[in-house]
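Biologist: I should like a close look at a single part of this model, set out in one connected account. Please begin with the term on which a description of its neighbours depends.

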Amino acid sequence: MPTVILVRHGRSSANTSGTLAGRTPGVKLDDTGVQQAAAVAQRLAELPLAAIVTSPLDRCKQTAAAIAKQHDGLRPATDRRLTECGYGDWTGQKIATLAKDPLWAVVQQHPSAVTFPNGESMRGMQQRGVDAVRAHDAELAKSHGPNAIWVAVSHGDVIKAIVADALGQHLDTFQRIVVDTASTTIITYTATRPFLVRLNDSGSELASLIPKPSAKAKPKKQSSDAVVGGR
């Protein structure tokens with residue numbers, strides 16, 4: 001199956017103000033976030049991207065647009081399944097205030113039990129995010145072949161939840177994962193297991209992701225086996 005590069009949006013005005021933006025409309029990248037988006041776009045410029053898919057929220061669309069500028073003719077598609085978690089009544093509140101709410105401890109230690117007041121469950125967030133990635137992977141495998149590389153621009157909690165699923169971990173462990181703004185997290189899905197290729201990567205080269213041309217007439221069948229002793 002293709003390789004997905006999960007990109008968290010660049011830093012937003014809500015990140016710097018300590019506010020839980022959630023799905024609040026109009027939250028955009030700040031000056032640093034714009035620079036971060038340009039930097040991650042430059043890192044991705046050399047890759048033959050098959051598609052760019054983004055959350056419908058402005059901060060992700062801005063980041064996706066910066067990436068698309070480096071790839072002529074490639075327009076970002078929007079998928080609501082990649083949107084931020086529906087935090088309900090928590091949306092727009094200060095993180096410092098929310099940390100005093102009894103629900104905060106449950107979010108930290110037992111997120112699979114959490115449904116935000118008048119909002120979404122964290123299990124539902126994970127399910128839709130994983131479904132989106134797998135659906136686009138399958139579609140791109142048919143249209144661009146098994147070596148396709150594509151980008152999904154989303155949010156911290158959504159990406160962390162997708163990573164937990166790829167690692168075969170319970171959602172209750174996902175708070176142990178760190179995903180910084182404008183970082184890249186790379187997963188290759190195969191028939192029997194996903195491989196987490198990189199996590200929270202903000203600086204390394206990405207050219208090694210480009211498939212090497214095969215000297216044989218037929219490409220080698222993709223393996224789901226891990227290499228014993230490391231590749």
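Modeller: Two residues are in contact when heavy atoms of theirs lie within 4.5 Å of each other. The model is a predicted one. The part I have chosen to start from is Asp 201, which belongs to strand E6 (residues 194-201). Leaving aside residues up to four places away in sequence, Asp 201 is in contact with Arg 43, Ser 183, Thr 184 and Leu 206. One of these neighbours, Ser 183, is 18 residues away along the chain, yet its C-alpha atom is 5.3 Å from that of Asp 201. The side chain of Asp 201 also has a polar partner in the backbone: one of its polar atoms lies 3.1 Å from the nitrogen of Gly 203. Asp 201 counts as buried because its relative accessible area is 11%, and the limit for that class is under 20%.

Two backbone angles belong to this account. Asn 200, also placed in strand E6, has a phi near 50°, a positive value in a residue that is not glycine. Ala 182, another residue other than glycine, likewise has a positive phi, near 65°. Ala 182 sits in the loop between H7 and E5, and its relative accessibility of 8% means that Ala 182 is counted as buried.

Strand E6 leads in turn to helix H7 (residues 156-166), since E6 is among the elements covering the buried residues of that helix. The others named in this cover include strand E1 (3-8), H6, strand E4 (149-154) and strand E5 (184-189). Helix H7 is mostly covered, with 10 of its 11 residues buried. Among the buried residues are Gly 156, Asp 157, Lys 160 and Ala 166. Lys 160 is further placed over the face of Phe 174, at 4.9 Å from the centre of the ring. Just after H7 comes Gly 168, where phi is positive at about 70°.

Asp 157 of H7 carries the description on to a pocket. This is the second largest pocket, with a volume of about 590 Å³. Its lining comprises 29 residues, and those nearest its centre are Arg 8, Leu 20, Tyr 87, Ile 95 and Asp 157. Helix H1 (13-17), H4, H5 and H7 are the elements that give two or more residues to this lining.

Tyr 87, one of those central lining residues, also belongs to an aromatic group. Rings of Phe, Tyr and Trp pair if their centres lie within 6.5 Å. By this rule there are three aromatic pairs. Tyr 87 and Phe 116 make up an edge-to-face pair, with 5.0 Å between the centres and 85° between the planes. Tyr 87 is in the loop between strand E3 (77-78) and helix H4 (95-98), while Phe 116 is in the loop between helix H5 (102-109) and helix H6 (122-144), so this pair ties together parts 29 residues apart in sequence. Tyr 87 and Phe 116 are both buried. Trp 90 and Trp 104 pair in a stacked arrangement, 6.2 Å from centre to centre with 15° between the planes. This second pair, too, links distant parts of the chain, for Trp 90 lies in the loop between E3 and H4 and Trp 104 in helix H5, 14 residues apart. Trp 90 is buried, at 5% relative accessible area, whereas Trp 104, at 23%, is classed as partly exposed. Tyr 87, Trp 90, Trp 104 and Phe 116 together form one aromatic cluster.

A buried arginine completes the account. Arg 59 is found in helix H3 (residues 58-68), and its relative accessibility of 2% is the reason why Arg 59 counts as buried. A polar atom of the Arg 59 side chain is 2.8 Å from the backbone oxygen of Gly 22. Gly 22 is also among the residues that Arg 59 touches, a list including His 9, Ser 12, Glu 84 and His 155 when residues up to four places away in sequence are set aside.

Notes. Residues are numbered from 1 along each chain as its sequence is written. This is a predicted model: local features need pLDDT of at least 70, side-chain atom pairs count only at pLDDT 80 or more; totals for chains, interfaces and linings use all residues. Side-chain values use heavy atoms; hydrogens and water are left out. Helices (H or I, at least four residues) and strands (E, at least two) are DSSP runs, numbered from the N terminus. Buried means under 20% relative accessible area, exposed over 50%, partly exposed in between (1.4 Å probe, protein chains only). A polar contact is a pair of N or O atoms within 3.5 Å; within protein, one must be able to donate a hydrogen and the other to accept it, and residues adjacent in sequence count only if both atoms are side-chain atoms. Rings of Phe, Tyr and Trp (its six-membered ring) pair if their centres lie within 6.5 Å; planes under 30 degrees apart count as stacked, over 60 as edge-to-face and the rest as tilted. A charge sits over a ring if NZ of Lys or CZ of Arg is within 6 Å of the ring centre and within 35 degrees of the ring normal. On a 1 Å grid over the protein atoms alone, a cavity is a set of points where a 1.4 Å probe fits but cannot get out, and a pocket is an open set with protein on both sides within 12 Å along at least five of seven lines; lining residues have an atom within 4 Å of a point. Grid points are joined across faces, edges and corners, and a volume is the space filled by probe spheres set on the points.
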